[in-house]
Amino acid sequence: MSQKNKHHSEQSKVEDLEKNKVSHEDQPLTSNQGLKITDDQHSLKAGERGPSLLEDFYLREKITHFDHERIPERVVHARGSAAHGYFELTSSLSEYSKAGFLQKEGTRTPVFTRFSTVAGSKGSTDLARDVRGFSVKFYTQEGIYDLVGNNIPVFFIQDAVKFPDLIHAVKPEPHNEIPQAASAHDTFWDFVSVMPESMHMIMWTMSDRAIPRSYSRMEGFGVHTFRLVNEAGKSFFVKFHWKPVLGVHSVVWEEAQMISGADPDFHRRDLWQSIEDGNYPEWHLGVQIVEEEREHDFDFDLLDPTKIIPEEEVPVRIIGRMVLDRNPDNFFAETEQVAFHPGHLVPGIDFSNDPLLQGRLFSYTDTQLIRLGGPNFHEIPINRPTVPVRNNQRDGYMRQTIDKGQTSYHPNRLGGGCPFQSKMSEGGFTSYHERIDGHKIRNRSKSFFDHFSQAALFYRSQSKVEKTHIENALKFELGKVKSVEVQKRVVAMLAEVDKGLAEGIAEGLGLHLAEIAVDQFNHSIPADANPEDFQPQKKKVGLEKSEALSMENTKKDSIQGRRVAFLIHEGTSANSLDKMKEAIEKEKANVFLIAPKLGSFKLGNSKNYGIDHTYQTAMSVLFDAVFVPEGEVKGHPKSAKLFIEEAFRHCKPIGGEGHAGNLIEEAIKIHNMEINQTPGLFIETTPKAFIDGIAQHRFWDREEMIQG
Ligand code: HDE
């Protein structure tokens with residue numbers, strides 16, 4: 001059964017239930033003790049108008065349970081959505097890793113994947129400018145393996161001890177709890193201005209990568225360097241990459257802000273709906289593998305999480321694919337209670353000494369203890385491995401397992417010695433025998449000091465429009481900062497990345513770069529810190545550009561899951577509408593009919609055309625493209641022109657037939673552009689040409705023409 005049909009049959013189940021076809025005996029309402037309840041509408045009272053009675057155990061049970069419905073939200077990554085699916089190995093990794101699920105091509109491993117923003121609360125908008133979490137739980141035959149990554153391959157800080165500071169700085173300010181889900185405020189930029197190591201990550205978060213079009217069009221990265229270990233015990237360094245099959249696409253900042261109002265669940269809805277529609281999101285898993293002997297061959301430290309390994313230096317090898325094909329049944333039980341942990345490992349995968357990763361290994365269990373209420377969170381269904389769990393850990397809050405027998409210790413004789421340790425050859429996990437030789441020290445290696453070279457590489461690798469968007473984002477963010485000193489320090493730091501960029505920002509902020517001491521940030525070293533720790537190296541130019549860093553070089557060959565708005569009225573030509581609609585739907589994109597009123601239209605033929613939205617419930621920012629079928633201009637309300645103009649401003653493909661050409665022309669008149677010389681307008685073209693246009697995502701040349 002196709003997903004669509006499945007959805008329909010579920011729908012009819014709901015309708016059956018609604019029509020009371022399910023018998024009362026089958027589905028009695030009960031208390032939590034299984035007692036059948038006769039009245040769920042009234043509390044027990046002393047007389048119809050009398051006081052309620054304490055004796056009402058059912059009322060007390062129901063209210064008490066309700067009072068305790070909430071658990072603490074995640075301290076970071078609170079806002080998220082998830083789906084079930086599978087990972088299929090397409091190219092064996094046995095040469096490098098002995099992990100069972102990475103041996104035989106074709107092996108499928110169930111996964112549960114959660115995407116999230118970092119800074120906002122659980123109810124905040126999906127479209128915040130932020131990093132996105134990208135966590136995958138693999139239910140392997142050797143136990144749970146979690147790859148808990150982000151959609152940006154580097155991080156703000158190099159050492160776990162700074163994480164609480166970073167998060168305190170970015171979260172709403174403590175005195176007034178403002179702003180929600182935003183980094184555009186003083187404390188965040190104050191922190192950045194004294195943390196030069198954050199500069200590379202800042203370039204990414206100020207780029208459009210931080211405002212993705214959907215989860216299915218984001219990359220994912222393990223961020224840290226990990227280890228693989230093969231059967232012979234040889235180890236390799238590895239970086240993990242998820243590459244979306246649909247390509248990497250983002251929205252523009254004005255759109256992001258408007259979507260946040262129009263549909264703050266935009267990403268969540270997109271993930272849910274694509275799965276319901278059978279348009280399953282898919283990613284390829286890639287690895288960059290570095291032999292141990294080459295550890296020091298790079299001009300950065302592999303253990304430094306503020307660095308990437310450019311794909312030009314170590315290519316990404318694709319080893320498998322992940323498909324998300326099932327929505328959770330219950331948000332709380334699954335998405336909210338899922339507990340990821342970078343320390344959930346299987347034999348064949350191991351950690352590196354990245355000091356950020358090492359700190360994470362402590363944090364994730366600790367946080368589950370408070371969030372999920374005790375040490376038995378691994379027994380919650382979504383967290384349970386698919387293989388048996390046997391050990392001598394016992395009891396604790398909410399223990400589900402009924403452990404049998406007399407012994408709960410090891411070694412024992414009374415219990416026959418059970419459970420037994422496994423040898424490595426039997427699949428037992430052994431930590432990689434890395435040789436360590438060093439002093440106990442609170443410091444970082446000087447090889448972590450180059451904070452600007454890769455920030456500059458990222459910036460150089462962006463297309464012209466991507467650079468403009470970074471500049472605009474920085475002007476927005478720093479423009480919201482009230483402290484001029486903070487603005488100056490950040491501009492001084494940006495000058496280390498790119499002089500031109502810093503000049504542009506300074507200008508936008510009403511500052512003069514020449515007057516800002518270029519070593520300003522050196523003066524901002526905290527008085528109690530060791531200046532050596534804050535001494536960034538000058539940037540080096542090695543690689544001029546890295547192609548993979550620009551979203552302009554992404555795939556643009558599919559319109560699957562795209563949302564196309566058709567603006568129609570009662571006089572629209574059915575023929576013109578049908579032809580384009582069929583062609584678009586054949587490519588697995590979704591067409592929405594938008595009209596001055598709801599209901600259904602006849603359009604001069606025997607079919608009924610159900611209207612999805614009016615201009616009151618839909619804004620152009622919720623769609624990827626606009627099409628206006630043939631029909632008199634006067635049938636469209638004024639809002640249709642606003643709709644088109646907005647989509648035009650956001651560089652979206654716009655198509656039209658017949659009179660629609662005039663409507664489009666009128667809508668964009670304010671921009672003073674020749675309609676037939678404007679990129680991304682498809683007037684009187686074939687469906688194929690329009691579809692190819694949608695696949696392009698945006699027509700950025702238009703942005704430059706609009707802004708002049
Ligand atoms: Fe996390 N992080 N993190 N993090 N992180 C959490 O764990 C933490 C870091 C990431 O969908 C928390 O269960 C520390 C980097 C994701 O449920 C917490 C440090 C990366 C998620 C925590 C980091 C991540 C989390 C909060 C610095 C990218 C969401 C709730 C040492 C590689 C997982 C929870 C989900 C969640 C701590 C840094 C990714 C508090 C201490 C770097 C995707 O334990």
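**Ligand shell and parallel sheet**

Of the 24 residues around the ligand, those that come nearest are R74, R114, S363, Y364 and Q368. The model is a predicted one. By class, the shell holds 11 nonpolar residues, 10 polar residues and three charged residues.

Several elements build this shell. Strand 3 (132–140), strand 4 (143–150) and helix 9 each provide at least two of its residues. Helix 9 gives the largest share, with six residues. Helix 9 covers residues 355–371, and Y364 is found in this helix.

Y364 also meets the metal. The iron atom of the ligand has a single donor from the protein. That donor is the OH atom of Y364, 1.9 Å away from the iron. Y364 is thus listed twice: as the protein donor to iron, and among the residues that come nearest to the ligand.

Other side chains approach the ligand through polar atoms. R114 places an N or O atom of its side chain 2.7 Å from an oxygen atom of the ligand. S135 has a polar side-chain atom 3.2 Å from a ligand oxygen atom. For R360, the ligand atom is a nitrogen, and a polar side-chain atom of R360 lies 3.4 Å from this nitrogen.

A separate feature is a sheet of five strands. The sheet is open, and its strands pair in parallel. Their order is 12-11-15-16-17. Strand 12 (590–594) and strand 17 (681–683) stand at the edges. Each has a single partner strand, so one side of each is left without a neighbour in the sheet. From one strand to the next, the twist averages 20°.

The pairing at one edge can be followed in detail. Strand 16 (residues 654–656) runs parallel to strand 17, and three bridges join the two. One bridge partner in strand 17 is L681, which pairs with I654.

Helices pack on this sheet. Helix 15 (residues 574–586) touches strand 11 (563–567), strand 12 and strand 15 (625–628). The direction of helix 15 makes about 180° with that of strand 11. Helix 18 (residues 687–695) also packs on the sheet. Helix 18 touches strand 11, strand 15, strand 16 and strand 17. The direction of helix 18 makes about 160° with that of strand 15. Strand 11 and strand 15 are therefore touched by helix 15 and by helix 18.

Key:
Residues are numbered from 1 along each chain as its sequence is written. This is a predicted model: local features need pLDDT of at least 70, side-chain atom pairs count only at pLDDT 80 or more; totals for chains, interfaces and linings use all residues. Side-chain values use heavy atoms; hydrogens and water are left out. Donors are N, O and S atoms within 2.8 Å of the metal (3.2 Å for Na, K and Ca); water is not among the atoms, so sites may look incomplete. Helices (H or I, at least four residues) and strands (E, at least two) are DSSP runs, numbered from the N terminus. A residue is near a molecule or strand if one of its heavy atoms lies within 4 Å of it. A polar contact is a pair of N or O atoms within 3.5 Å; within protein, one must be able to donate a hydrogen and the other to accept it, and residues adjacent in sequence count only if both atoms are side-chain atoms. Ala, Val, Leu, Ile, Met, Phe, Trp, Tyr, Cys and Pro count as nonpolar, Asp, Glu, Lys and Arg as charged, and the others, Gly among them, as polar. Two strands pair if DSSP finds at least two bridges between them. Axes are lines fitted to C-alpha atoms, for helices over the stretch in contact, and angles run from 0 to 180 degrees between N-to-C directions. Contact means heavy atoms within 4.5 Å.
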